[in-house]
Amino acid sequence: MKTCSLSEAKGSLGRLADRALKGQPTVIPRGGKLVILQEYRLPDHADEFDVLIEAGKNSPHRPLTKKVLAEIWARGRS
């Protein structure tokens, strides 16, 4: 797993995204916490997607607006 600073990641985001899609995630330390850039695979079944959306809505992270949730929901259902 590669580690790089946020400023390094900004300049090479395309390359890091390509690496992530090949199974090589990158860790970016930010404010004493870690951000991981890795491939995300949508669940095969709609039920699993619904559970993930609910978990995200109930997480302690930044709240999502109704508009953003609607866009995520639409992409997941298509």
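Select Leu-52 to begin: in this predicted model, Leu-52 is partly exposed, with a relative accessible area of 41%. The residue belongs to helix H3, which covers residues 46-57. Now add Tyr-40 and Leu-42 to the selection. Together with Leu-52, these two make a nonpolar surface patch of about 320 Å².

Next, select Glu-39 and Arg-41. What joins Glu-39 to Arg-41? The two form a salt bridge, and their closest N and O atoms are 3.3 Å apart. A search of the whole structure finds one salt bridge, so there is no second one to look for. Colour the pair by accessibility: Glu-39 is partly exposed, at 30% relative accessible area, whereas Arg-41 counts as exposed, at 64%.

Then turn to the sheet. Select residues 2-3 for strand S1 and residues 33-37 for strand S3, and add residues 26-30 for strand S2. The three strands form an open sheet in the order S1-S2-S3, with mixed pairing. S1 and S3 are the edge strands, and each pairs on one side only.

Stay with S2 and S3. In which sense do these strands pair, and over how many bridges? The pairing is antiparallel, over five bridges. To see one place along it, select Val-27 and Ile-36: Val-27 stands opposite Ile-36, which is in S3.

Last, select residues 13-21, which make up helix H2. Which strands does H2 lie across? H2 lies across S1, S2 and S3, and runs at about 75 degrees to S3. Keep H2 and the three strands shown together to view this crossing.

How values were computed: Residues are numbered from 1 along each chain as its sequence is written. This is a predicted model: local features need pLDDT of at least 70, side-chain atom pairs count only at pLDDT 80 or more; totals for chains, interfaces and linings use all residues. Side-chain values use heavy atoms; hydrogens and water are left out. Two strands pair if DSSP finds at least two bridges between them. Helices (H or I, at least four residues) and strands (E, at least two) are DSSP runs, numbered from the N terminus. Contact means heavy atoms within 4.5 Å. Axes are lines fitted to C-alpha atoms, for helices over the stretch in contact, and angles run from 0 to 180 degrees between N-to-C directions. A salt bridge is a side-chain nitrogen of Lys or Arg within 4 Å of a carboxyl oxygen of Asp or Glu. Buried means under 20% relative accessible area, exposed over 50%, partly exposed in between (1.4 Å probe, protein chains only). Patches are made of residues with over 30% relative accessible area and no salt bridge: like charges are joined within 9 Å, nonpolar side chains (Val, Leu, Ile, Met, Phe, Trp, Tyr) within 5 Å. Accessible areas come from the Shrake-Rupley method with a 1.4 Å probe; for residues, only the protein chains shown count as cover.
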